[in-house]
Amino acid sequence: MAIWGLIAIEQALPRDPEKLPHVALVDASVRILRRRRWAEPLIDLLTRSNTDSVSAFKFNAADPEDLAPWKSSRVTAIGDAVHAMPPTGGQGAATAIIDADVLTERLHAAERGEATLVVAVHDSENDLRTRAAPVVRESLQPVDWIRATASPTGAFLLRTLTPLFAVGSAAAHTAAQKWRR
Ligand SMILES: Cc1cc2nc3c(=O)[nH]c(=O)nc-3n(C[C@H](O)[C@H](O)[C@H](O)COP(=O)(O)OP(=O)(O)OC[C@H]3O[C@@H](n4cnc5c(N)ncnc54)[C@H](O)[C@@H]3O)c2cc1C
């Protein structure tokens with residue numbers, strides 16, 4: 001089984017892709033890849049998808065410079081509600097789980113009388129800001145690459161340079177293995 005996902009800028013997609021029938025979504029994805037001259041075996045993978053399993057949605061990202069900008073109180077939030085994470089980093093779930101862990105720790109400290117409730121929430125929010133902001137920034141990096149390579153020139157450079165990077169990285173890997181032996 002293979003799972004695929006295509007991330008594209010809005011202008012490259014048909015209008016309101018969320019409302020398109022599944023088959024039309026696959027067709028639109030195939031058109032984008034053909035236009036960008038992706039390899040046919042990869043495009044074939046899309047055409048053989050179970051169309052019912054294909055859907056489209058927009059994703060959002062928080063501004064990493066402005067996380068949890070409110071004054072601490074007895075009410076707080078964690079996870080994507082504070083730092084909506086684009087799926088391009090694969091780190092949103094783990095970050096949300098750490099948020100919960102840190103908040104729980106701080107609440108236990110308050111329960112033990114080591115801090116007031118608001119101070120505990122304040123400490124947890126401070127931790128979240130400094131920990132989650134770099135993760136959002138890092139996860140947004142691929143979005144910048146996607147935008148940069150969306151133009152015909154960008155797409156051309158991507159097509160030309162990717163095989164060179166692949167050869168370079170394979171050579172570096174082989175050299176590193178030989179050196180270790
Ligand atoms: C396509 C995609 C791929 C991703 N891939 C990865 C990955 O590989 N690795 C990774 O770590 N992260 C990934 N993420 C990010 C990850 O899914 C999120 O960062 C993570 O789910 C955030 O967890 P959360 O608990 O904060 O929010 P959510 O998982 O969004 O949970 C919030 C819950 O609250 C519910 N809710 C909303 N409003 C209300 C309401 N008014 N009343 C009651 N319930 C409500 C929602 O239905 C939802 O169940 C991906 C995200 C996307 C979109």
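Student: Which element gives the largest share of the shell around the ligand?

Tutor: Keep in mind that this is a predicted model. The ligand is surrounded by residues including Phe59, Asp80, Met85, Gly92 and Ala96. Two elements, α3 (80-83) and α4 (92-111), each give two or more residues to that shell. The largest share, four residues, belongs to α4.

Student: And by class, how many charged residues does the shell around the ligand have?

Tutor: Let's go through the classes. Nonpolar residues number seven in this shell and polar ones four. Asp80 is among the residues around the ligand, and Asp counts as charged. The charged count is one.

Student: What is the radius of gyration of the protein, and how does that fit with a compact globule?

Tutor: Start with the fold: the protein has six helices and zero strands. For 181 residues the globule rule gives 16 Å, and the protein is well over that, so it is more spread out than a compact globule. The C-alpha atoms fill a box of roughly 65 × 55 × 35 Å along the principal axes. As for the radius of gyration itself, the value is 22 Å.

Student: How far apart are the C-alpha centres of domain 1 and domain 2?

Tutor: The protein is divided into domain 1 (7-58), domain 2 (64-143) and domain 3 (151-181). Take the C-alpha centres of domain 1 and domain 2, and the distance between them is 35 Å.

Student: What span should helix α1 have, going by its 14 residues?

Tutor: Helix α1 covers residues 22-35, and the rule is 1.5 Å a residue. The expected span uses one less than the number of residues. The end C-alpha atoms of α1 agree with the expected span, which comes to 20 Å.

Student: Is Pro86 buried or partly exposed?

Tutor: Pro86 sits in the loop between α3 and α4. Leaving out residues up to four places away in sequence, Pro86 touches Phe59, Ala61, Ser139, Leu140 and Val143. A buried residue needs 20 or more other C-beta atoms within 10 Å. Pro86 has 19, so the call is partly exposed.

Student: How far apart in space are Pro86 and Glu40?

Tutor: In sequence, 46 residues separate the two. Going C-alpha to C-alpha, Pro86 and Glu40 are apart by 28 Å.

Student: What percentage of the residues in the protein is buried?

Tutor: Contacts first: of those with a separation of 6 or more, 62% link residues 24 or more positions apart. Out of the 181 residues in the protein, the buried ones make up 13%.

Note on methods:
Residues are numbered from 1 along each chain as its sequence is written. This is a predicted model: local features need pLDDT of at least 70, side-chain atom pairs count only at pLDDT 80 or more; totals for chains, interfaces and linings use all residues. A residue is near a molecule or strand if its C-beta atom, placed from the backbone, lies within 6 Å of it. The radius of gyration is taken over C-alpha atoms; the globule rule is 2.2 Å times the number of residues to the power 0.38. A residue is buried if 20 or more other C-beta atoms lie within 10 Å of its own, exposed if 12 or fewer, and partly exposed in between; C-beta atoms are placed from the backbone. Two residues are in contact if their C-beta atoms, placed from the backbone, lie within 7 Å. Domain bounds come from an automatic or database domain assignment.
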